[in-house]
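Welcome, and thank you for taking a look at this protein with us. Please open the sequence and the structure side by side, and keep both in view as you read.

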Amino acid sequence: DYIRSPEVQNAIVERSPGGRYVRFMEKLGSGASKDVYRAYDTQEGIEVAWNVVTLSGVPKTERNRIVNEVRLLERLHHSN
């Protein structure tokens, strides 16, 4: 199947604004309001998870919780 081929799964489909992270097509999982993709940290040389959050149709209280989680994660500095 073409979509599952390594060439397609390893294709870079998105880059972070600063260019540090690249997202691949390979989806690792899905939740109620987000999809998780395989990504790569070009500075550390490691694979990471890239979350894509969809807020349409999400109740306001849940949207607020998600936005707060994103803001918390933006401030997180981990040694790994």
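The paragraphs below walk through the sheet, then the salt bridges, and then a patch on the surface. Please keep in mind that this is a predicted model.

Let us begin with the sheet. Strands of a sheet pair through backbone hydrogen bonds, and the pairing can be parallel or antiparallel. Here you will find an open sheet made of 4 strands, ordered E1-E2-E3-E4, and the pairing is antiparallel. At the edges sit strand E1, covering 12–15, and strand E4, covering 46–53; each of these pairs on one side only. From one strand to the next, the twist averages 45°.

Now look at where the sheet starts. Strand E1 is joined by 3 bridges to strand E2, which spans residues 21–30, and the two run antiparallel. You can pick out one partnership by eye: Arg15 has Val22 in E2 as its bridge partner.

Next come the charged side chains. How many salt bridges does a search of the whole structure find? The search turns up 8. A few of them are worth visiting one by one.

Start with Glu14 and Arg23, which form a salt bridge whose closest N and O atoms are 3.0 Å apart. Are these two residues buried or partly exposed? Glu14 is partly exposed, at a relative accessible area of 33%, while Arg23 counts as buried because its relative accessibility is 13%, and the cut-off for buried is under 20%.

A second salt bridge links Glu26 and Arg38, and here the closest N and O atoms are 2.6 Å apart. Glu26 belongs to strand E2 and Arg38 to strand E3 (residues 34–41), so this pair ties together parts that lie 12 residues apart in sequence. Once again, one partner is partly exposed and the other is buried: Glu26 has a relative accessible area of 25%, and Arg38 has one of 10%.

For a third example, move to helix H2. Arg65 and Glu69 form a salt bridge there, with their closest N and O atoms 3.2 Å apart. The two residues are 4 apart within helix H2 (residues 60–75), which means that about one helical turn separates them. Arg65 counts as partly exposed at 42% relative accessibility, and Glu69 also counts as partly exposed, at 32%. Elsewhere, salt bridges with shared partners join Arg20, Asp41 and Glu44 into one network.

From charges, let us turn to nonpolar side chains. Which residues form a nonpolar patch on the surface? They are Val53, Leu55 and Val70, and together they have about 190 Å² of accessible area. Leu55 is placed in the loop between E4 and H2, and this residue is partly exposed, with a relative accessible area of 32%.

One last stop is Gly31, found in the loop between E2 and E3. Gly31 is partly exposed, with a relative accessible area of 44%. Try locating Gly31 together with Val53, a member of the patch you have just seen. In sequence, Gly31 and Val53 are 22 residues apart, and in space their C-alpha atoms are 9.3 Å apart.

Note on methods
Residues numbered from 1 in each chain as written. Predicted model: local features only at pLDDT ≥ 70, side-chain atom pairs only at ≥ 80, totals over all residues. Heavy atoms only, no water. Pairing = 2+ DSSP bridges. Axes fitted to C-alpha atoms, helices over the stretch in contact; angles between N-to-C directions. Salt bridge = Lys/Arg side-chain N within 4 Å of Asp/Glu carboxyl O. Buried < 20%, exposed > 50% of the residue type's maximum accessible area, 1.4 Å probe, protein only. Patch = residues over 30% accessible without salt bridge, like charges linked within 9 Å, V, L, I, M, F, W, Y side chains within 5 Å. Areas by Shrake-Rupley, 256 points an atom, 1.4 Å probe, with all protein chains shown as cover.
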